[in-house]
Amino acid sequence: MYDIDRFGEAEVEEEWGATLFIAGSVAYTLASFFNALTLLPSTLGDSEASAETAVLAFRLGVAKLMCTQLGSVCFVAGSFLYRPALQTDCGHRDDDSMCASAIVQGTWLYIAGAGLFLLQSLLQL
């Protein structure tokens, strides 16, 4: 089922590419965390805004942060599914059994993460 005995040069390059995707996705998660650290002082520190406006701004900031946090988690999970060791041979099956491709699942996680980042950007407007 799994093509684990892959030691060619192309497979090593694929593994490096997947590792760099994972590192970049973890960086997105860390950026979201550091953004969270600045959320509270920036929304509640303005003395000119009413308390109701400050609470609304804080809640909107939390919603935006949730979108970026969940989006970056989707990116991390999707990145792990791109590792060459998880590749399956779904296209060459003769029976009707279900076969889930890790690359397809990883791509769907990337699309979900991108959608969450888009939603966060729309909430920023």
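## Overall architecture

Of the chain's 125 residues, 22% count as buried, where buried means under 20% relative accessible area, exposed over 50% and partly exposed in between (1.4 Å probe, protein chains only). The model is predicted, so local features need pLDDT of at least 70 and side-chain atom pairs count only at pLDDT 80 or more, while totals for chains, interfaces and linings use all residues. Residues are numbered from 1 along each chain as its sequence is written, and side-chain values use heavy atoms, with hydrogens and water left out.

The chain contains 4 helices and 0 strands, and its pattern along the sequence is α-α-α-α. Helices (H or I, at least four residues) and strands (E, at least two) are DSSP runs, numbered from the N terminus.

## Helix α4

The 23 residues of α4 should span 33 Å at 1.5 Å a residue, and the C-alpha atoms at its ends are 33 Å apart, which agrees. The expected span of a helix is 1.5 Å times one less than its number of residues.

Buried positions in α4 include Ala102, Gly106 and Tyr110; Gly113, Phe117 and Gln120 are also buried. Ile111, which lies in α4 as well, is partly exposed, with a relative accessible area of 46%. Between the C-alpha atoms of Ile111 and Gly78 the separation is 9.3 Å, although their positions lie 33 residues apart along the chain when counted as sequence distance.

## Packing of α3 against α4

Two packed helices are described by the angle between their axes and the distance between the axes. Here the axes of α3 and α4 come within 8 Å and cross at roughly 160 degrees. That makes α3 roughly antiparallel to α4. Axes are lines fitted to C-alpha atoms, for helices over the stretch in contact, and angles run from 0 to 180 degrees between N-to-C directions. Angles under 35 degrees count as roughly parallel, over 145 as roughly antiparallel, 65 to 115 as roughly perpendicular and the rest as oblique.

The crossing of α3 past α4 is left-handed, meaning that the near helix is turned anticlockwise from the far one by less than a right angle; clockwise would be right-handed. By class, 15 nonpolar, 9 polar and 1 charged residues form the contact of α3 with α4. Ala, Val, Leu, Ile, Met, Phe, Trp, Tyr, Cys and Pro count as nonpolar, Asp, Glu, Lys and Arg as charged, and the others, Gly among them, as polar.

## Helix α1 and Ser72

Ala27 lies in helix α1 and is partly exposed, with a relative accessible area of 42%. Its C-alpha atom is 8.6 Å from that of Ser72, the two residues being 45 apart in sequence.

Leu30 also belongs to α1 and is partly exposed, at a relative accessible area of 45%. The C-alpha atoms of Leu30 and Ser72 are separated by 8.9 Å, with the residues 42 apart along the chain.

## The salt bridge

The structure holds 1 salt bridge, defined as a side-chain nitrogen of Lys or Arg within 4 Å of a carboxyl oxygen of Asp or Glu. Its partners are the side chains of Glu15 and Arg83, at 3.0 Å from N to O. The pair links distant parts of the chain, 68 residues apart: Glu15 is in helix α1 (residues 9–37), and Arg83 is in the loop between α3 (51–80) and α4 (102–124).

Both partners are partly exposed: Glu15 has a relative accessible area of 24%, and Arg83 one of 30%.
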